[in-house]
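Reader: I have a model open and some questions about helix packing. Can we go through it?

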Amino acid sequence: MILGADPPPVLETARLRLEPLTQADAADLFPIMSDAEVMAHWDVGEVDDPELVDRIVASQVAAMADGRALYWAIRLLEDGGFAGCCDLSEIDRWHRRAEVGFMLGRGAWGYGYAQEAMQAVVALAAAAGVRKLSARTHLGNRRSEAVLERLGFKPEGLLRGHVLRDGERRDCRLFGLLL
């Protein structure tokens, strides 16, 4: 399995270009992560500190350098606009599995970009020898669940009280896809 051995490849779809995430992308990611509606179904609430987003992106870039994960900036082919990001993380070479995730800004919702980007990521994972993908959503995040289901992911269980956010325990749904 070759995942994580080199920088992530650039992936192109009919409308999108997935480029390896760089530190410079933190500036584009900050407005998305500072949007309460976007962050409503994430492990953390909206982020109002651009330096925190810088640190988050720095840790993701470091994870790529260590071969532990692949992160991409999702850009529109037509104008290069930043739509969001996606990833292949928790890479387990022994068991040939990984986790996927995606986050899009509100302006990119409803166009099928998440599904299009994730189809490219799933195809890369399959070609690299991954045989099991997982994904996790917060209970009630029907939009993300619908994307996963259209990609062929199946519900695999409920993680009760899996996330502590704003002093409350939140349940998450676990999805899986055998490749």
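Author: Start with α1 and α2, which are oblique to each other because their angle falls outside the bands for roughly parallel (under 35 degrees), roughly antiparallel (over 145) and roughly perpendicular (65 to 115). This is a predicted model: local features need pLDDT of at least 70 and side-chain atom pairs pLDDT 80 or more, while totals for chains, interfaces and linings use all residues. Residues are numbered from 1 along each chain as its sequence is written, and side-chain values use heavy atoms, without hydrogens and water.

Reader: What angle do α1 and α2 pack at, and how far apart are their axes?

Author: The angle is about 120°, with the axes of α1 (residues 26-33) and α2 (residues 50-65) 9 Å apart. Axes are lines fitted to C-alpha atoms over the stretch in contact, and angles run from 0 to 180 degrees between N-to-C directions.

Reader: Which residues of α1 make the contact?

Author: Ala-26, Leu-29, Phe-30 and Met-33, where contact means heavy atoms within 4.5 Å. From α2 come Pro-50, Val-53, Asp-54, Ile-56 and Val-57.

Reader: Switching to α3. Is it mostly covered or not, and how many residues are buried?

Author: Mostly covered: 11 of its 15 residues are buried, meaning under 20% relative accessible area with a 1.4 Å probe, protein chains only. Among them are Tyr-113, Met-118 and Leu-124.

Reader: What follows α3?

Author: Gly-129, with a positive phi near 100°.

Reader: And Gly-176, where is that?

Author: In strand β8, residues 168-178. Gly-176 counts as buried because its relative accessibility is 4%.

Conventions: Buried means under 20% relative accessible area, exposed over 50%, partly exposed in between (1.4 Å probe, protein chains only). Helices (H or I, at least four residues) and strands (E, at least two) are DSSP runs, numbered from the N terminus.
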